[in-house]
Structure formats: structure tokens, C-alpha cells
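Q: Please explain how the features of a protein model are read, one at a time.

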Amino acid sequence: MEFTAYQIITPLAGFLAITYAWNLVLKQKKTLWEAILWTIFWGCIIAIAVYPESLDYLTRITGIKDRENAVLVTTIGVVLFIVFYLIIRIEALEQRQTRVIRKLALKDVDKKSRKN
């Protein structure tokens, strides 16, 4: 099998991205969940770059005839899943922020009532 430049450069970039993600986990700047997702994402990119015929499996699963269309539809699905996940995370952060602000407000009210 003869490799193209794309099949050499893409796996190298993928391994760098995976290494970077796990380095951030070790520095406690990213969560384990984020690193696992990043590893799966780049692992798929590496696999597709090295074995482009693996996309034929995707076309059989999705029932879409063309590789390009199968990749496009699958990518849109993954992006929608990520957006949904981010919305859930934002809502959780908003709820947490509300709880913190309420606690601070109650402490402030308690301090003012003690002064009087």
C-alpha cells in the first residue's frame, strides 16, 4: 500500500492533538470525558486517513450510496450531538451560578440584619 502525504500528515496531526488533550487532562485543565471524546474523534480521523475504504462501512450502515454524503450526514449528526451536549452544560452552569448568587445574597441579607 502506497501512502499519500495526507495519509502521513493527518495521523501525525491527530496524534499531536490527542497528546495535547491528555496533557491538558494531566494539568487538570480538561476533564477526562473531554479527552476521551477528543481521542475518539481524532482516532476516527486517523483511521479514515489511513484506511479510506473504511468509509464503505459507513455507507452500508447509513444506507447512503456515496461516501461523501455518508460522511456529511454523519458529521452533521455528531455536530448536533455536540451542540445538544453544550446546551445541557450551559444550562447546568446557569443553575449553579443561580445557586451561588442566591447563597451570596442570603449571606448579605444576614449580615445586614445582624448590624441592625
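A: Helices (H or I, at least four residues) and strands (E, at least two) are DSSP runs, numbered from the N terminus. This is a predicted model, in which local features need pLDDT of at least 70 and side-chain atom pairs count only at pLDDT 80 or more, while totals for chains, interfaces and linings use all residues. Residues are numbered from 1 along each chain as its sequence is written, and side-chain values use heavy atoms, with hydrogens and water left out.

Q: How many salt bridges does a search of the whole structure find?

A: A salt bridge is a side-chain nitrogen of Lys or Arg within 4 Å of a carboxyl oxygen of Asp or Glu. The search of the whole structure gives two. One joins Lys 112 to Asp 108, with the closest N and O atoms 3.9 Å apart. In the other, the side chains of Asp 110 and Arg 114 meet at 3.1 Å, N to O.

Q: Why are Lys 112 and Asp 108 separated by about one helical turn?

A: Lys 112 and Asp 108 are four residues apart in helix 4, and therefore about one helical turn separates them. Asp 110 and Arg 114 are likewise four residues apart in helix 4, so about one helical turn lies between them.

Q: Does one class Lys 112 as buried or exposed?

A: Buried means under 20% relative accessible area, exposed over 50%, and partly exposed in between (1.4 Å probe, protein chains only). Lys 112 counts as exposed because its relative accessibility is 52%. Its partner Asp 108, at 40%, counts as partly exposed. In the Asp 110 and Arg 114 bridge, Asp 110 is partly exposed at 34%, whereas Arg 114 is exposed at 67%.

Q: Which residues of helix 3 are buried?

A: In helix 3 (residues 55–62), Leu 55, Leu 58 and Thr 59 are buried. These residues lie on the same side of helix 3 because they cover an arc of only 100° around the axis, the arc being that of the directions from the helix axis to the C-beta atoms. On the other side of helix 3, Tyr 57, Arg 60 and Ile 61 are exposed.

Q: What do the buried residues of helix 3 pack against?

A: Contact means heavy atoms within 4.5 Å. The buried residues of helix 3 pack against helix 2 and helix 4 (67–115). Thr 59 counts as buried because its relative accessible area is 11%. Leaving aside residues up to four places away in sequence, Thr 59 touches Ile 64, Lys 65, Asp 66, Arg 67 and Ala 70.

Q: How far does the backbone oxygen of Asp 56 lie from a polar atom of the side chain of Thr 59, and what is a polar contact?

A: A polar contact is a pair of N or O atoms within 3.5 Å; within protein, one must be able to donate a hydrogen and the other to accept it, and residues adjacent in sequence count only if both atoms are side-chain atoms. A polar atom of the Thr 59 side chain lies 2.5 Å from the backbone oxygen of Asp 56. Gln 7, in helix 1, offers a further case: its side chain reaches the backbone nitrogen of Thr 4 at 3.0 Å. A polar atom of the Gln 7 side chain also lies 3.4 Å from the backbone oxygen of Val 50. Gln 7 counts as buried because its relative accessibility is 9%.

Q: Which residue has a positive phi although it is not a glycine?

A: Gln 28 has a positive phi of about 60° without being a glycine. Gln 28 lies in the loop between helix 1 (5–26) and helix 2, and is exposed, with a relative accessible area of 73%. Just after helix 3, Gly 63 takes a positive phi of about 80°.

Q: Which residues form a nonpolar patch on the surface?

A: Patches are made of residues with over 30% relative accessible area and no salt bridge, like charges being joined within 9 Å and nonpolar side chains (Val, Leu, Ile, Met, Phe, Trp, Tyr) within 5 Å. Accessible areas come from the Shrake-Rupley method with a 1.4 Å probe; for residues, only the protein chains shown count as cover. Here the nonpolar patch consists of Trp 22, Leu 32, Trp 33, Ile 36, Leu 37 and Ile 40, together with about 550 Å² of accessible area. Helix 2 (residues 32–50) supplies the largest share, five residues. Leu 37 is found in helix 2 and is partly exposed, with a relative accessible area of 33%.
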